[in-house]
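Here's a short set of exercises to work through with the model open. Try each task first, then read the solution below it.

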Amino acid sequence: MTAAAAADRRPPVRHGPLRPSELAEAAVLGDLALVMEVIGWFAPIGVAGIFQALAVIPFAVLAARHRLRAALVSAVAASTVASLVGGIGIMVPVAIASGLGLSVGIAFRRRWSPLVGVGFTVLVVGVPLAALTDALDAASAGYRKLSFDQIRILWNIVADLLKGIGLNSLERRGTYLLNWAIAHWWASLPLGEIVIIALVAVGCIRLRVFLVEVRRHVPMPVADEAVERRRHRAAGGATAHPEVPQPVPVHLEHVSYRYPRAARDALSDVSLTLQPGNFLAVVGPNGCGKSTLVRVLAGRLEPRSGRVERPGPAGLGLVGGTAIVFQRPESQVLGVRVRDDIVWGLPHRERPDIAGLLQRVGLEGFEERETSTMSGGELQRLAIASALARSPRLLVSDEATAMVDRPGREGVVSLLRALASSGIAIVHVTHRLEEAALADEVLDMSGAAHAESSVAAAPIGSGLALSPKPTPRFRVIPSKTTGETPPPAPPGSFASSASPGRPATSRRGEPLVTMEGVGYVYAQGSPWAHRALQGVDLVLWRGEGVVLTGPNGSGKSTLAWLLAGLTLPTEGTALLEGEPIASQPGRVGISFQHARLQLLRPTVMSDVKLGADEDRARRAMLAVGLDPDTMGPRRVDDLSGGEQRRVALAGMLVRRPDLIVLDEPYAGLDDEARTSLARTLEQLRRLSGVAVVVVTHDLDNAEVLGERLIHLDDGRITAEEALPGRA
Amino acid sequence: MSPIRPVVGDGAEELSVHGGLGVDGRQGRRSSPRAMSDFHVLRYVPGSSAVHRMWAGTKLVWFALVSIGLLLWPTWRAVGVGGVMVLGGFLVARLPRGVAPRLPRWIWLLLLVGFAIAVGAGGKPYVHLGRVRIGFGGLDQFALFWMIAIEVLALALLVSWTTPLADLAPALGRLGWPLRKLRLPVDEVVGAIALSIRCLPLLLEEGRVLSAARRARRSSAKTSAKEMAQGLEDLIWAALSNALRRAREIAEAIEARGGVPTIAPETHPFALRDGVLVALTLAGMTAMALLRA
């Protein structure tokens, strides 16, 4: 192994309080272990033990990536939360898993031999456990009696069995041994536990393979060493006289940045000037360096070349400094309650006017709301309120509108405009040109875009050539398909059960999906019962395109799950050609918004061909606009969200579904990727007779997606209209 | 096109909003997606009872002391004392009946097997039914073990049903003052606990989607043990990769807030009812210790 790779095993930070990345991983990985433990409790009995053993892995990964302090904080926090979730029954397994994971991770990070690793595990887990058992037994005769009686009961059964089959001498010896062990419990019990822990530790050696994979493929948090050094100096020396943040006016001159060990600049030659009260819009497609620019402006990265001039430090997150609002709403809200979120990270002496801040962003009266009950648009407003609590001089929106629908976006952008007028410098990063209209200045970074490695932008038709080599074999019919005869599906296409030559959308014969009086209640019978759907009647025809829309909480995602057969309706029937959808897995494909969750194998090709041969997989990839040769070997974790969604789509197509349901397929995609995805879906429908239901709040390209638009509100279908079709 | 009301981004979120933190545990079976949202972790049931209004820290102390007492002195008398305290808590809290979790089916199976073993093992006292002699000693121990487990779980649930989630971490921080005197990083741990509680719904939701995605792509062919092991490894990898990406986003958000977790200082008064509960708990502990013989 090279020296550089060896250095990778050292955690980037070694002293002082936990850094944000350490704290975040400590909390999230501890939660993951807890979730595994909980699933283990609810899994069938054979699988339960496996899940509980797997809870070791998150802790091992944490301890292998970060210093001991993070691992210990995580162990204590996870055990505490576990005890609140389910008492001692869940706390003890989580605590033991954390101890095992910690020692495995440390042994890996310090490159100890497996033998030393096992010894270490026995020392830090086995010995304390043994001591605890002894202490408990010594303190409580009752506890001792209870556990020994349990052992005797079990042995009596075995003994009867042994006597029954004539192994009397074995039975005698066993009874003698058991009596000896119970008489000398203070030695036998701890010894037994240590032996068990040693055996488990030997089993954990296999985890090292896994940890190598994690280290190779999951990047460590981006920490700019120059910034980290400066912060260290500030923490060590000048805490008594902290520099007052002065992020604006800021002047960038020919600034470039390249990430360590990257092949090319992420940001190249950017110059700009930003004054207080300026509203600057930064536009450009995915991958053009917008986020890197944000990091430079926020002082998180020092440019590799060029100059950044500002009167004082950027002061990210400090009062009077720089604030950022990010893309994914639910990831940047840190408080359980709105009130907690606003003061999260503020010094105690700061007492912001919470009601006033909420009013300013249009969330009056939300103080006591739990953040997990808020919609995405509300969460983004809350994030802005939390930013404003620090009275920032510079507010950066890093694609804060990308996951919000049009009215939500307009609200956020006009709020930013108003804030600029009150003297705050605003930088709004977006891939939508129309949002830039309200800005004072626009920085267009589209020239710097690096092409995505998919062939998404290929000319219409070529992506659909379902042979291994894409050739433009099909004429595109520019009109609507209903009532017309579409081109026959090519040989070997994904025509499911629709025969070639049959109209893609056929209202003759039997409908594909029939829903009658469908209702769905979450947590029925509990105090948290919530009705998501009521009296939904819906008929879908083969090859049809339907757009399902409605406000947040209208039940459209629930309907998507029902259409995909992932949930049974609590009322009514949901049938696919006469049979319940849920009993016919594979006939309906569903694409979730976070596509990574549905990719089950590490590389693109291995995932797509799950349950099919390579030839089909290649054709499916071409059908969704992915080049099998360049994309096939890539790791799914390295792909963008849009690319992952395409891979998930290909993975569905190999199973020849009759219906594909897509939940918010546009979220986070730039204009070009959206148009190309819409085109892909349209062609799939036209050429292979698969019905497509798109669940979205985003109606920008709706007419390309289908013939019908269905509005859902408050769990009911409120309106249905025909879409005009393409011009 | 008709006007659309202001809406939001995250589709997956919609499910977690009200339906909550469901986990579909029974992934192995074919047509049981109903269980998905039947299981609830750390969910508050609004109410105005004395238990609801009590300081969260008092309830945590209550929970911890009764659990420790049952662990140290596992006798029927201690179970009786604990049972009175837990039942009393439930009566005062006046929770709706629907909160009771639906236990997984295998629990009943396990109980049945355990029951059979316990009866089979015999032991004093003996009861004669005609010619058959049944020893109830094993059953006695078995029942005692289960009663303790159930009481501890019931108390944990009672605390989580009557305490808003947001109150838990600050109360722990206030209870941790002796450790803070020892210069232990109490605030850091409390910050991590608060963040864990905040992220738990997100991770449960991801677990739910992950399990649904596996169901959707399940192949009908029989799988070998090797393929199952591979599938499990892939599943872990997907969960881990998602969790780490989520952590990265959260880390960025923490950094944008100055990087220091501070919990909103809590000012909940320690009222008379808190004092009464602490006194009752201490009295209960003493009773458990004295009645152990």
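**Exercise 1.** Work out how strand S1 (residues 250-257) of chain A is joined to S4(A), then place both in their sheet.

*Solution.* Keep in mind that this is a predicted model. Start with the pair itself: S1(A) and S4(A) run antiparallel and are joined by 4 bridges. To pin down the register, take Leu252(A), whose bridge partner in S4(A) is Val308(A). Now zoom out to the sheet, which is open, has 3 strands and follows the order S2-S1-S4 in chain A, with antiparallel pairing. Strand S2 (267-274) and strand S4 (305-309) of chain A are the edge strands, each pairing on one side only. Last, check the twist: neighbouring strands of this sheet are turned by 15 degrees against each other on average, ignoring direction.

**Exercise 2.** Find the sense in which S14(A) and strand S15 (residues 659-663) of chain A pair, and say which way the residues of S14(A) point.

*Solution.* As a reminder, strands of a sheet pair through backbone hydrogen bonds, either parallel or antiparallel. Here the pairing of S14(A) with S15(A) is parallel, over 4 bridges. One of the residues to click on is Val588(A), which has Leu659(A) as its bridge partner in S15(A). Next, look at the two faces of strand S14 (residues 588-591): Val588(A) and Ile590(A) point one way, while Gly589(A) and Ser591(A) point the other. All of these residues are buried.

**Exercise 3.** Decide whether helix H13 (residues 290-297) of chain A is mostly covered or mostly open, and look at what comes just after it.

*Solution.* Count neighbours first, with 20 or more other C-beta atoms within 10 Å making a residue buried. On that count 7 of the 8 residues of H13(A) are buried, so the helix is mostly covered. The buried ones are Lys290(A), Thr292(A), Leu293(A), Val294(A), Arg295(A), Val296(A) and Leu297(A). Then step just past H13(A) to Gly299(A), which takes a positive phi of about 75 degrees.

**Exercise 4.** Describe how helix H5 (residues 68-86) of chain A packs against H9(B).

*Solution.* Two packed helices are described by the angle between their axes and the distance between the axes. For H5(A) and H9(B), the axes come within 9 Å and cross at roughly 55 degrees. The two helices are therefore oblique to each other. As for handedness, H5(A) passes H9(B) in a right-handed crossing. On the H5(A) side, the contact is made by Val73(A), Ser74(A), Val76(A), Ala77(A), Ala78(A), Thr80(A) and Val81(A). H9(B) answers with Glu188(B), Val189(B), Ala192(B), Ile193(B), Ser196(B) and Ile197(B). Sort the contact by class and you get 9 nonpolar, 3 polar and 1 charged residues.

**Exercise 5.** Step back to the whole interface: which helix of chain B gives the most to the side that touches chain A?

*Solution.* Begin with the totals: 124 residues of chain B are in contact with 130 residues of chain A. Several helices of chain B supply at least two residues each to this side, including H1 (11-18), H6 (137-162) and H10 (225-255). The top contributor is H9(B), with 26 residues. By class, the side of chain B that touches chain A has 72 nonpolar, 29 polar and 23 charged residues. For context, chain B has 11 helices and 2 strands, and 45% of its 293 residues count as buried. Chain A has 24 helices and 18 strands, with 51% of its 727 residues counted as buried.

Conventions. Residues are numbered from 1 along each chain as its sequence is written. Chains are lettered from A and ligands numbered from 1 in the order in which they are written. This is a predicted model: local features need pLDDT of at least 70, side-chain atom pairs count only at pLDDT 80 or more; totals for chains, interfaces and linings use all residues. Two residues are in contact if their C-beta atoms, placed from the backbone, lie within 7 Å. Ala, Val, Leu, Ile, Met, Phe, Trp, Tyr, Cys and Pro count as nonpolar, Asp, Glu, Lys and Arg as charged, and the others, Gly among them, as polar. A residue is buried if 20 or more other C-beta atoms lie within 10 Å of its own, exposed if 12 or fewer, and partly exposed in between; C-beta atoms are placed from the backbone. Two strands pair if DSSP finds at least two bridges between them. Axes are lines fitted to C-alpha atoms, for helices over the stretch in contact, and angles run from 0 to 180 degrees between N-to-C directions. Angles under 35 degrees count as roughly parallel, over 145 as roughly antiparallel, 65 to 115 as roughly perpendicular and the rest as oblique. A crossing is left-handed if the near helix is turned anticlockwise from the far one by less than a right angle, and right-handed if clockwise.
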